[in-house]
Amino acid sequence: MTVYFMDGQFVEKKHVAISIDDRGYYFGDGVYEVIKVYDGELFTSKEHIARLFESAAKIKLVIPYTEAQLLDIAQQLVISNSISVGHVYMQVTRGVSPRIHQFPDPAVSPMVTAYALSSARPVEVMENGVKVKSVVDFRWLRCDIKSLNLLANVMAKQEAVEAGCKEAVFVRDGFVTEGASTNMFGVKNGILYTHPANNLILNGITRQVVLRLSRELGIAVVEEPFTLEAAFAMDELFMTSTTLEVMPIIQLDDKTIGSGRPGEVTVQLQKAFTLQIPTVVAGS
Ligand code: PDD
């Protein structure tokens with residue numbers, strides 16, 4: 001039996017019913033998080049839940065729970081669905097109300113839904129690396145909010161997939177911002193480059209872990225935007241996300257990156273990242 005969380009209750013999946021008037025459905029008016037589960041343990045859950053509250057505050061949405069309560073809900077979902085390796089998805093919308101653009105007045109109670117699913121680590125792809133495709137970043141200017149409004153990301157990812165690629169690389173005014181659902185990194189002469197955490201990217205939790213590990217390993221980090229041309233010339237490229245961890249990129253558009261194999265620094269960071277997760281699943 002699959003147990004979901006919906007509107008204050010744990011319910012069987014078949015009993016989950018969302019109203020057509022949910023503002024998430026109409027407007028994407030809400031925020032979300034994806035938290036990885038390794039060996040039944042939530043990974044960097046405090047950081048994810050803190051970011052959920054930050055995203056909510058940025059859209060003036062008050063989550064009707066505390067951080068500890070949401071953490072508890074996530075943990076209960078992992079246990080009741082017997083998840084060993086997988087992820088928890090959690091979203092909060094502005095609630096159910098007849099369709100008007102402005103916030104409902106008086107406010108309605110936000111709708112919190114969550115579930116836990118099994119999902120394997122992408123071990124094989126992580127060893128070999130993937131191809132990515134550049135696309136124009138035509139998103140809004142609040143990409144720091146983990147909003148449910150993902151149409152531009154959906155369009156970009158589809159374009160990449162249709163071109164036989166794993167991910168789309170957003171390029172705004174000639175500079176690489178991030179992926180459709182990942183953060184982008186480049187390595188040149190041993191220095192790690194990534195876009196600064198401003199309004200043009202989501203400050204990924206995996207990004208933050210990788211930056212911390214880089215500093216611990218003595219890898220120089222430059223948080224500055226780099227151009228698409230610079231990306232082509234990088235010795236190494238990789239991307240990070242909750243589900244893809246540290247994913248090597250071996251081709252960008254029609255250009256091979258470095259030797260066409262996962263780079264040295266990338267592999268070093270992959271290994272360091274793996275040491276952060278429970279050893280039982282680290283080898284799987
Ligand atoms: N995506 N940038 C964007 C636009 C994202 O959607 C994500 C995450 C990231 C990486 O963030 P993190 O390391 O915290 O997962 C960067 C999630 C996984 C998703 O939408 O499925």
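This report covers how the two domains of a predicted model meet.

**Layout**

The protein chain splits into domain 1 (3-118) and domain 2 (123-282). Their centres, taken over C-alpha atoms, lie 26 Å apart. Domain 1 puts 25 residues into the contact, and domain 2 puts in 22 residues.

**Buried area**

Together, domain 1 and domain 2 bury about 2000 Å² between them. Carbon and sulfur atoms carry 66% of that area. On the domain 1 side, Tyr32, Tyr38 and Arg51 lose the most area to domain 2. These three residues account for 32% of what that side buries.

**Polar links**

One salt bridge is found across the interface of domain 1 and domain 2. The side chains of Lys58 and Asp144 form a salt bridge, at 2.9 Å from N to O. Lys58 falls in domain 1 and Asp144 in domain 2. Seven residue pairs, both members at pLDDT 80 or more, are in polar contact across the interface of domain 1 and domain 2.

**The domain 1 face**

Four elements each supply at least two residues of the side of domain 1 that touches domain 2. They are tabulated here.

| Element | Residues |
|---|---|
| α1 | 23-27 |
| β3 | 30-38 |
| α2 | 45-58 |
| β5 | 86-93 |

Which element gives the largest share of this side? Strand β3 does, with eight residues. Tyr32 and Tyr38 lie within the β3 range, 30-38. Arg51 and Lys58 lie within the α2 range, 45-58.

By class, the side of domain 1 that touches domain 2 holds ten nonpolar residues, eight polar and seven charged.

Definitions and conventions: Residues are numbered from 1 along each chain as its sequence is written. This is a predicted model: local features need pLDDT of at least 70, side-chain atom pairs count only at pLDDT 80 or more; totals for chains, interfaces and linings use all residues. Side-chain values use heavy atoms; hydrogens and water are left out. Domain bounds come from an automatic or database domain assignment. Contact means heavy atoms within 4.5 Å. Buried area is the accessible area (1.4 Å probe) that two parts lose on being put together, summed over both. A salt bridge is a side-chain nitrogen of Lys or Arg within 4 Å of a carboxyl oxygen of Asp or Glu. A polar contact is a pair of N or O atoms within 3.5 Å; within protein, one must be able to donate a hydrogen and the other to accept it, and residues adjacent in sequence count only if both atoms are side-chain atoms. Ala, Val, Leu, Ile, Met, Phe, Trp, Tyr, Cys and Pro count as nonpolar, Asp, Glu, Lys and Arg as charged, and the others, Gly among them, as polar.
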